[in-house]
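Here are some notes from a pass through this one, in no strict order. Have the viewer open while you read.

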Amino acid sequence: MNYQKIEKSIVSYEGSDLWLSKNQNGDRFLCSPGNPLGLTDQIEPGIFALSAHNAALMRKYFSWLNPQPLGLQTSAGTGDRLGLATTGHILAFEGSGIAPIFAQQSVRENVRTHRTPQQVMDDAMWGVFEMGWRLPWGADGDHLKNSEDIKSFVDAGYTFFTIDPGAFVCKADPKISNVQLIESLDDFNFESFQISLDSLLKSYNTQKLPVENINCSDHDVLIALIKYGKAILHVKEMFLDLSQRMGLKPFDFEVSVDETDWPTSVFEHYFIANEMKRLGIQWTSLAPRFVGRFEKGVDYIGDLSQFETEYKIHAAIQKYFGNYKISLHSGSDKFSIYRICATNSDYKIHLKTAGTSYLEALRVLALIEPKLFREIYDFSRKQYDTDKVSYHVSAEFSKMPIPDELSDDQLPVLLDNFQARQALHVCFGSVLDQFGKELLVMLKHNRDIYDKTIKNHFSRHLADFIQ
Ligand SMILES: [Zn+2]
């Protein structure tokens, strides 16, 4: 077989070179003629498979192949559902000064793509190796809900953990009286919350809150406690669990309440941060749910001036408590708000995108294999109503362009069509089950085009976050 050496990847260990090569199909291999690391899974002499075992050995000998905590640096998470996007992501990050999270997958995404945290990590790592990227990069276990979720990501060496306490966030009716609200707190564990209700109320109302434009009554505190109290307790439990598992190893800890049914009010943001701090939780980033709609794969929908006004208060709260970043979830394609967020938060921002690199893969497919793209689009369109559950989207089947009415030339444009884009975005799991193999074969054959397409798209995401 013919192997093409990827020059950027060459490294040396004890005088012996190792590098990545690809064959004519775009499959990659690890070449190590001297084999000083003791690689296994040999394909032919000196040529080894990119196996989990070999990935672990590479991490052991080359420290930059391990993810690291990124702290308060401006950062962006890429998400890569196909495991082939890291090289394109690196082209976009190069020279930006923004810290990347190359391995990032939620539990839900892993279920839908049948990948494990370790596979996601290894795929990102081979991309890092291929490109000769030497700067710190992170690995985010996204939307972790319980201790079991945490374990699998810790075991795979992740450094950034996003806790989603959404299942513990409760509804509270703002119209009911304080007495009724207090009654509904009957089962609340004040002991774990380490404060009595009286003391809690006093702590908010005996003094003016230290952030301008926020004030609160007992009623507001009760509502916030009902909505988020149990969630904060869950976050505390997860923080302790994680701290114990990680031992002395530092990690980034994110708290996300973005997948709730209502926006996080500025007082609720203050309350969550204040109570987490009181309970000793140390977090690197917090993802509130903002006003307006953060739908998948499309720009921000809502009143931009209202967003800006509220964001400024969120940023003031962030600055008051100091040490954390605001995390923008469902952050892909929200071009109209990036600058507002970056400048008001003094660039202490984490941008989280997940599916956008998958959509770029489909853009390449539409160009290269219109027939297969047409099938995938038609399939996604019909699958949309089933798969959209659990996502924030508003596209409607009846408004989606009909495949038979489009010429091949018009297909790539579907990636810029609101209706089609959302259908393609949320149906990735079903599509990969049905067409995943063919899609991967096409991408491997056209890696250069995929890299460039991702770079174009992702550079636009990063531009407003560059200081
Ligand atoms: Zn999220």
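**Notes on the model**

1. Let's start with a loop residue: Glu14 counts as exposed, because its relative accessibility is 69%. You'll find Glu14 in the loop between strand 1 (4-13) and strand 2 (16-22). Its backbone deserves a look, since Glu14 has a positive phi of about 45 degrees although it is not a glycine. For context, most residues other than glycine have a negative phi. Keep in mind throughout that this is a predicted model.

2. Asp346 belongs in the same conversation. Phi of Asp346 is near 50 degrees, again a positive value in a residue other than glycine. Asp346 sits in the loop between helix 12 (338-344) and strand 13 (349-352). Is Asp346 buried, exposed or partly exposed? Asp346 is partly exposed, with a relative accessible area of 49%.

3. Now to helix 12 itself, where Ile340 lies. Ile340 counts as buried, at 11% relative accessibility. Leaving aside residues up to four places away in sequence, Ile340 touches Leu304, Phe307, Glu308 and Tyr311. If you want a long-range distance to check, take Ile340 and Arg460: they are 120 residues apart in sequence, and their C-alpha atoms are 15 Å apart in space.

4. Helix 16 is the one I'd zoom in on. Helix 16 covers residues 428-445, which makes 18 residues, yet its end C-alpha atoms are only 21 Å apart. A straight helix would reach 26 Å at 1.5 Å a residue, so helix 16 falls short of that. Where does helix 16 bend? The bend is at Phe435, and it comes to about 80 degrees.

5. Staying with helix 16, Phe435 is also one of its buried residues. The others are Phe428, Gly429, Ser430, Val431, Leu432, Gly436, Leu439, Met442 and Leu443. As for what covers the buried residues of helix 16, the list includes helix 3 (107-113), helix 13 (356-368), helix 14 (370-387), helix 15 (418-426) and helix 17 (447-462).

6. On to charges. Side chains of opposite charge can pair when their charged atoms come close. How many salt bridges does a search of the whole structure find? The search turns up 31 salt bridges. One of them joins Asp122 to Arg59, with the closest N and O atoms 3.0 Å apart. Asp122 lies in helix 4 (residues 117-131) and Arg59 in helix 1 (residues 52-61), so this pair ties together parts that are 63 residues apart in sequence. Both Asp122 and Arg59 are buried.

7. Compare the surroundings of another pair, Arg293 and Glu295. Arg293 forms a salt bridge with Glu295, the closest N and O atoms being 2.9 Å apart. Arg293 is partly exposed, with a relative accessible area of 38%, whereas Glu295 is buried, with a relative accessible area of 4%.

8. Helix 14 holds a salt bridge of its own. The side chains of Asp378 and Lys382 meet there at 2.8 Å, N to O. Asp378 and Lys382 both lie in helix 14, 4 residues apart, which is about one turn of the helix. Asp378 is partly exposed, with a relative accessible area of 23%, while Lys382 is exposed, with a relative accessible area of 56%. Elsewhere on the salt-bridge list, Asp140, Asp142, Glu254 and Lys352 are joined into one network by salt bridges that share partners.

9. Cysteines, briefly. A search of the whole structure finds 0 disulfides. Two cysteines to look at are Cys31 and Cys341: Cys31 counts as buried at 5% relative accessibility, and Cys341 is buried with a relative accessible area of 0%.

10. Last, the domains. The domain assignment gives domain 1 (4-61), domain 2 (64-169 + 219-355 + 460-465) and domain 3 (367-452). How far apart are the C-alpha centres of domain 2 and domain 3? They lie 26 Å apart. The contact takes 25 residues from domain 2 and 23 residues from domain 3.

How values were computed. Residues numbered from 1 in each chain as written. Predicted model: local features only at pLDDT ≥ 70, side-chain atom pairs only at ≥ 80, totals over all residues. Heavy atoms only, no water. Helix = DSSP H or I, 4+ residues; strand = E, 2+ residues; numbered from the N terminus. Bend = angle between axes of the 7 residues up to and from the residue. Buried < 20%, exposed > 50% of the residue type's maximum accessible area, 1.4 Å probe, protein only. Contact = heavy atoms within 4.5 Å. Salt bridge = Lys/Arg side-chain N within 4 Å of Asp/Glu carboxyl O. Disulfide = S-S within 2.5 Å. Domains from an automatic or database assignment.
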